[in-house]
Amino acid sequence: MEYGYARVSSKEQNEQRQIIALTQFGLLRENIYVDKQSGKDFEREQYRQLMRRLKSGDLLVVKSIDRLGRNYGEILEQWRIMTKEKHVFIVVLDMPLLDTRKANDLTNELIADIVLQLLSYVAQTEREFIRQRQAEGIAAAKARGVHFGRKPKAKPPEFQAMLEEWHMGNLSARKAAAHLGVSCGTFLKWAGDYKSTGL
């Protein structure tokens with residue numbers, strides 16, 4: 001059997017370009033597995049299903065090695081499992097040297113191993129650069145005063161009265177929170193904020 005695997009890092013990204021390349025290779029759409037998940041590891045639902053399906057003599061096609069994953073060590077390990085343990089053939093469309101159907105002699109196998117290691121290294125390095133750029137972008141945005149996460153919940157008008165009742169010991173924090181329709185943690189946070197800022 002011939003299978004394809006496509007991956008994009010998030011639900012917003014489009015995998016269509018990969019699917020077109022895989023179907024042009026001759027794969028049936030129903031035999032193409034797609035994950036919309038980071039390539040940091042191989043804990044992906046569709047990839048796991050594909051691995052359960054693959055058996056000796058099958059062919060797996062991917063558009064590029066970074067679609068398989070972006071973790072250097074894990075790419076090499078998954079490649080080893082597929083080619084050495086499962087005896088599956090692999091074709092990487094963007095890198096014709098990575099076609100294990102041709103690796104029938106020692107020289108071809110050596111070249112494929114070197115190329116695989118190099119591309120796996122590049123895939124992981126690129127992932128680390130992306131994470132670094134994201135962290136730098138977030139830091140720069142915070143420096144400009146951009147706030148991330150949910151907006152803080154507004155305190156209801158009755159908060160002041162509930163706070164006073166709680167301070168006097170007439171009401172537990174849990175009951176005050178329930179009256180305000182918030183969690184106990186939120187009420188205590190508001191109480192702490194009020195104590196420190198008076199707001």
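**Exercise 1. Which elements do the buried residues of α1 pack against?**

Work this one out on the predicted model, starting from the helix.

*Step 1.* List the buried residues of α1, which spans residues 16-25: they are Gln18, Ile19, Ala21 and Leu22.

*Step 2.* Look down the axis. These four cover an arc of only 160°, so they sit on the same side of α1. That fits the usual geometry: an α-helix has 3.6 residues a turn, so residues three or four places apart point the same way.

*Step 3.* Turn to the other side of α1, where Arg17 and Gln24 are exposed.

*Step 4.* Now follow the contacts. The buried residues of α1 pack against β1, β2 (32-36), β3 and α3.

*Step 5.* Carry on past the end of the helix: just after α1, glycine 26 has a positive phi of about 120°.

**Exercise 2. Find out how β3 is paired and whether its faces are covered or open.**

*Step 1.* Get your bearings in the chain. You should find eight helices and four strands, and from the N terminus the order reads β-α-β-α-β-α-α-β-α-α-α-α.

*Step 2.* Check one partner. β1 and β3 run parallel, with four bridges between them, and glutamate 2 stands opposite leucine 59 in β3.

*Step 3.* Check another. β3 also pairs with β4 in the parallel sense, again over four bridges; here valine 61 stands opposite valine 91 in β4.

*Step 4.* Sort the side chains of β3 by face. Leu59 and Val61 lie on one side, Leu60 and Val62 on the other, and all are buried. Both faces of β3 are therefore covered, given that buried means under 20% relative accessible area.

**Exercise 3. Which residues touch the most other members of the largest nonpolar core?**

*Step 1.* Collect the core. It has 20 residues, and Tyr5, Leu68 and Met82 touch the most other members.

*Step 2.* Ask where the members come from. Two or more residues each are given by β1 (2-8), α2 (45-53), β3 (59-62), α3 (65-68), α4 (72-85) and β4 (89-92). The top contributor is α4, with four residues.

*Step 3.* Zoom in on one of the hubs. Leaving out residues up to four places away in sequence, leucine 68 touches Tyr5, Arg7, Phe42, Arg44, Tyr47, Val62, Trp79 and Met82.

*Step 4.* Don't stop at one core: a second, separate one has eleven residues, among them Ala173, Ala176, Trp190 and Ala191. As background, nonpolar side chains in soluble globular proteins tend to be buried together.

**Exercise 4. How many aromatic pairs are there, and how is the pair of phenylalanine 42 and tyrosine 47 arranged?**

*Step 1.* Count ring pairs whose centres lie within 6.5 Å; the total is six.

*Step 2.* Take phenylalanine 42 and tyrosine 47. Their centres are 5.0 Å apart and their planes make an angle of 55°, so the pair is tilted, as it is neither under 30 degrees nor over 60.

*Step 3.* Check the surroundings of both rings. Phenylalanine 42 counts as buried because its relative accessibility is 1%, and tyrosine 47 because its value is 0%.

*Step 4.* Look for a bigger group: ring pairs join Phe159, Trp166, Phe187 and Trp190 into a cluster.

**Exercise 5. Put numbers on the whole chain.**

*Step 1.* Burial: 35% of the 199 residues count as buried.

*Step 2.* Surface: the chain exposes about 12,400 Å², with 54% of that from carbon and sulfur atoms.

*Step 3.* Contact range: among contacts with a separation of 6 or more, 63% join residues 24 or more positions apart.

Definitions and conventions
Residues are numbered from 1 along each chain as its sequence is written. This is a predicted model: local features need pLDDT of at least 70, side-chain atom pairs count only at pLDDT 80 or more; totals for chains, interfaces and linings use all residues. Side-chain values use heavy atoms; hydrogens and water are left out. A nonpolar core is a set of buried Ala, Val, Leu, Ile, Met, Phe, Trp, Tyr and Cys residues joined through side-chain atoms within 4.5 Å. Buried means under 20% relative accessible area, exposed over 50%, partly exposed in between (1.4 Å probe, protein chains only). Contact means heavy atoms within 4.5 Å. Accessible areas come from the Shrake-Rupley method with a 1.4 Å probe; for residues, only the protein chains shown count as cover. The arc is that of the directions from the helix axis to the C-beta atoms. Two strands pair if DSSP finds at least two bridges between them.
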